[in-house]
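Here are some notes on the pockets of this structure, set out as numbered points. Please read them alongside the sequence and the coordinates.

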Amino acid sequence: MADDDRATWTFLTNHAHVLLCLVGDPELRLRDLAERVGITERATQRIVAELADGGYLERTRVGRRNVYTVHLELPLRHPLERAHTVGELLGHIAPAG
């Protein structure tokens with residue numbers, strides 16, 4: 001299997017990737033967040049808004065920037081995973097360091 005074939009899908013959604021990045025760096029700019037996740041800045045804005053609307057993410061304005069707080073205690077949304085929290089998931093996949 002070629003490397004390109006392996007890169008066509010992943011186990012986690014872009015929503016999970018955004019949360020993972022923001023847990024690691026709560027002061028990331030949307031532009032930098034989009035680059036890390038590998039999606040457009042517009043898609044990143046939409047995902048951040050959805051996560052905030054769902055209560056999973058909180059934005060706090062500090063000067064000219066946003067600082068993000070991920071609510072790790074909240075349950076995952078899908079019925080198969082609802083018994084687990086965002087923190088449990090991210091704790092297992094967060095980069096060591």
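1. To begin with the second largest pocket of this predicted model, the element that gives the most to its lining is β2, which provides three residues. Two elements, α3 (30–37) and β2 (65–70), each give two or more residues to the lining of the second largest pocket.

2. The lining of the second largest pocket is made up of E27, L28, R29, L30, R31, E41, R61, R64, R65, N66 and Y68. By residue class, this lining divides into seven charged, three nonpolar and one polar, and the space in the second largest pocket comes to about 160 Å³.

3. Turning to the largest pocket, the space within it is about 460 Å³, and 16 residues form its lining. Among these lining residues, T13, H15, A16, L76 and R77 are the ones that lie nearest the centre of the largest pocket.

4. Which elements each supply at least two residues of the lining of the largest pocket? They are α2 (14–24), α4 (41–53) and α5 (86–93), and it is α2 that accounts for the largest share, with three residues.

5. As to the character of the two linings, that of the largest pocket divides into nine nonpolar, four polar and three charged residues, whereas the lining of the second largest pocket holds seven charged residues beside three nonpolar and one polar. A reader comparing the two pockets may wish to keep both divisions in view, together with the volumes of about 460 Å³ for the largest pocket and about 160 Å³ for the second largest pocket.

Methods. Residues numbered from 1 in each chain as written. Predicted model: local features only at pLDDT ≥ 70, side-chain atom pairs only at ≥ 80, totals over all residues. Heavy atoms only, no water. 1 Å grid on protein atoms, 1.4 Å probe; cavity = no way out; pocket = protein on both sides within 12 Å on 5 of 7 lines; lining within 4 Å. Points joined across faces, edges and corners; volume = space filled by probe spheres on them. Helix = DSSP H or I, 4+ residues; strand = E, 2+ residues; numbered from the N terminus. Nonpolar A, V, L, I, M, F, W, Y, C, P; charged D, E, K, R; others polar.
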